[in-house]
Amino acid sequence: MADHEASKINHDNHLLLDQPLLRLPYELLRKNFRSAHFTVEKESTTLNKLLKETAKGSLDGKTSPEDVVKNLDTMIAKMRGMKRKLSMYANEETRLYKQLDARVAHLRELSDMHSVEDVKYEAWSRKRLDRLLVDYMLRHGYNTSAQALANEREMYDLVDVETFLTMSKIRESLENGSVTEALAWCNDNKKELRKLQSNLEFLLRCQQYIELLRINTPSKSVEAITHAKKYIAPFQEQYPDEVREMAALLAHRPTDKNLPPKYAAWYSPDRWTKLATSFVEAHNKLLGLPTFPLLHTALSSGLSALKTPACHGTQKTTSSSQPGHSQTSMTSTVCPICSIELNDLAKNVPYAHHSKSHLDNDLLLLPNGRVYGQAKLDEYAAKAGLAEGQVKDLVTGEVYSRTALKKVFA
Amino acid sequence: MTAQTTAMEALQKELDRLNRAPGLSATEDRVDKIIEMLTSVRDQIVQSGMDTHVASMSITKIQNPIKSTFEKINDDLKGVTATQRKLGKTLDKHFPLKDLPSTHDAMADQESLINRAISMHLLREGQFSVASTFIEETGDAATLENVNAVADGQDQVSASDNYDDEPMDEDRDDDDDDEDDDDDDDEDEYMSPLEGAATGLGFRQLQNLSSLQSHELEAKFSQMYTILQDIKSRNLLSAIEWARSNSGELEARGSNLEFELSRLQYVWLFKGPRVNGLPDNELNGTAGALLYAQQNFWRFGNRYIGEIQQLANAQIYARNLSESPYRHIFSTETAFADVASSFTREFCSLLGLSAESPLYVAVTAGALALPLLIKYQQATRAKGTEWTTTNELAFETPLPERMLYHSIFVCPVSKEQTTEQNPPMMIPCGHVLAKETLQRLLKGTRFKCPYCPAEGLEKDARRIMI
């Protein structure tokens, strides 16, 4: 009865790990639309204006037919350009629609399943694991592996390779000391970043400023000041302390002796790593992506749920990973936490809370202090071909007479 | 219908609507129209020989049509955004972004361990090329070393184990020729990078050794997959050969795999060429099965004499097997799948690995436990308590039976799980208590069992291992 409950799929919250799955294509759809809309707005305004001017000029006689034709050519070219852009946006939109279809279909499969014992659930759960693996690989920059796995499993629509590849590129560029790509990204997402009250653009501008000062020549210093006036001063109200520190940096150069740690921090090369991290944070927040790879979340809770005090104990149990004769066919279901793959990983997570015992029926105590259920002992004795009144310890292999066993009531 | 199914239905409805509605591609046609209009005016003017009148007339004429086409484009866009926004609302309503536990990431600094677990998982799943790409990309020699440690550890143990109960199998040394030879070689050659550096071995050479060993693990899984493919195509010979070469270890584990496989081969041949598709000769059919039995069943001595007799008797029922008392032995619907999973289980166990991918089990368990964690976090958010500071979770995470691998004893008195520090103790009446509970019950050196009238002395309680 209890097991039936534990095996039931609770549809209301089974998809917690899958929230970003639907969110991301939606956010990208909106972004795509905004770009398309902006393009249309801009081009249509320009075109209407030019058309009006040309028409007026032609009527007034100020614009010659040759010029009218020239303007028309310009307009045609512009429209062709706009069409190309729209085509691009339309393709992206179709791609995202397809992704949404595939993802909703995948999640809908779950509604037909009611128990985790269902063989279909296993296939679904494996698919989910593959998704989490690709997500993990992308976030850590193992892009080749991610693509290989996505291709192998034919699950391109269920994962967000392009998004993370783009993010990876920008992050790498920051780690290599370039703000250009990141600034371009900020520009594309100005409105949303402002909504999030992100300081990313400000920090990038500061870094540009710092790099100019680092060169420490009079001309660069002048450039730095110009830059600051244009790009940093506007943030005075928002980040007064930082702006003040930027100003102070004029007087403190990286080569100064006894540079106060506050300013040394600004000049330090690990600013780039910090910028990369800030970028990734802003990127994820913007697109509604969780801070940590979903695999981490699933593992933390899964490892805890499976872990028992015995998993890191010194005692050899029937489910610990000990190759060799001490393990039998009957006890070969190795506990995942005891497995060599996960044992170290699970060291620092709490173990599961149980309010009820989980033991075999008809427990018998062997003289060596170990306890097994009668059924298990009988089965193992038969397999080992023992004489009638004897049993064999499933872990140690010691043989005892049945009369030496005591009943345990637990 | 649960809330979730309504949610999915609603989502699907919006999605269908989205797919039916014109998207951005519709605007392309309108732009084409504009281009057409502009082009035709342009051509008109040119054809007229740059006539001023024609120019001003025609260009004025298209002003409005173009403006209105742009307006139509705008309307199109409004429609697209409206439909998309509706989808967004449905998402917000039915799939609100719940805060995943983000206060503490227990996995944050464990990248190399997680990478190792993933590499092993990929190998288990038979994804060999992805696995080697991943191992290469995650790149630290540490990962390779770790993967090797697994292969290394298993080989060292299995090579040196002594089986008390079974006579030393002379054949065992010849079996797995490649494996044993490699073991010896690698044990001599494998050095930790530190040792290697000390002896002046180049890093390149070390890397080659390392990759050789991770290839070993890969080779083992590769072998397993080849045999599984064979079983899938109803060819049991490679599996039987493997079982034979590892018969010593399999018997020590009490496994019936070799017999299971041989019996299935007998049954398969018995069914004849029409069912098994093998050539119709003396090696096939009931006669072929008998021949197979004669050549192979002697290996099993007296262990399976009952089963072997049944198989022999079935010869009499060859014509109407379905009415014989042995028909269940001869139904092969699930037999091949069953024997495949037995084989996988034994193969992995011989490597010291579980048959089921631990990573898979952990993630599946995680999906089941996560909602409970979030519920708990929400409930305790006000108190500001963190759940990872203690050794034990503060809430229950029930899992299905097959995910409960260890015995658990919860002391009925203290309601605590027993641990190594607080082990289960059995008292003479046969009841079990946690050690700390027992000590609390002591009056001097005596205690009374909480469940029955029995009394006892402290020294009569003994620690048990569940």
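A helix here is a DSSP run of H or I at least four residues long, and the helices are numbered from the N terminus. With that in hand, let's place B:R345: this arginine sits in helix α16 of chain B, which covers residues 335-350. Keep in mind as you look around that this is a predicted model.

So is B:R345 tucked away or out in the open? Neither, quite: its relative accessibility is 33%, so B:R345 counts as partly exposed, given that buried means under 20% and exposed means over 50%. Now look along the chain to B:E356, eleven residues away from B:R345 in sequence. Going from C-alpha to C-alpha, the two are 8.1 Å apart in space.

Let's step back and take in chain B as a whole. Its 466 residues include 18 helices and six strands. Buried residues account for 46% of the chain. If you take the contacts in chain B with a separation of 6 or more, 61% of them link residues 24 or more positions apart. As for the outside, the accessible surface of chain B is about 23,500 Å², and carbon and sulfur atoms contribute 48% of that.

How is chain B divided up? The domain assignment splits out domain 1 (1-93), domain 2 (213-351), domain 3 (357-387) and domain 4 (406-463). If you're wondering how far apart domain 1 and domain 4 of chain B are, their centres, taken over C-alpha atoms, are separated by 79 Å.

Next, the strands. Chain B has an open sheet of three strands, running in the order β3-β2-β6 with antiparallel pairing. The edges are taken by β3 (432-434) and β6 (462-463) of chain B; each has a single partner strand, so one side of each has no neighbour in the sheet. In general, strands of a sheet pair through backbone hydrogen bonds, and the pairing can be parallel or antiparallel. Zoom in on β2 of chain B, residues 424-426, and you'll find three bridges joining it to β3(B) in the antiparallel sense. Within this part of the sheet, B:M425 faces B:L433 in β3(B).

There's also a backbone oddity to check in chain B. B:R234 isn't a glycine, yet its phi is positive, at about 65 degrees. For context, most residues other than glycine have a negative phi. You'll find B:R234 in the loop between α9 (203-232) and α10 (237-245) of chain B. With a relative accessibility of 35%, B:R234 counts as partly exposed.

Over in chain A, A:N258 makes a nice counterpart. Its phi is near 55 degrees, again a positive value in a residue other than glycine. A:N258 belongs to the loop between α11 and α12 (261-267) of chain A. Here the relative accessibility is 77%, so A:N258 counts as exposed.

That loop leads us back to α11 of chain A and its packing. Helix α9 (residues 200-215) and helix α11 (residues 240-249) of chain A have axes that come within 11 Å and cross at roughly 10 degrees. That crossing makes α9(A) roughly parallel to α11(A). On the α9(A) side, the contact is made by A:F202, A:C206, A:Y209, A:I210 and A:L213. From α11(A) come A:E242, A:V243, A:M246, A:A247 and A:L249.

Finally, zoom out on chain A. Its domain assignment gives domain 1 (9-111), domain 2 (184-285) and domain 3 (361-405). Between the C-alpha centres of domain 1 and domain 2 of chain A there are 34 Å.

Definitions and conventions: Residues numbered from 1 in each chain as written. Chains lettered and ligands numbered in written order. Predicted model: local features only at pLDDT ≥ 70, side-chain atom pairs only at ≥ 80, totals over all residues. Heavy atoms only, no water. Pairing = 2+ DSSP bridges. Helix = DSSP H or I, 4+ residues; strand = E, 2+ residues; numbered from the N terminus. Buried < 20%, exposed > 50% of the residue type's maximum accessible area, 1.4 Å probe, protein only. Contact = heavy atoms within 4.5 Å. Areas by Shrake-Rupley, 256 points an atom, 1.4 Å probe, with all protein chains shown as cover. Domains from an automatic or database assignment. Axes fitted to C-alpha atoms, helices over the stretch in contact; angles between N-to-C directions. Parallel < 35°, antiparallel > 145°, perpendicular 65-115°, else oblique.
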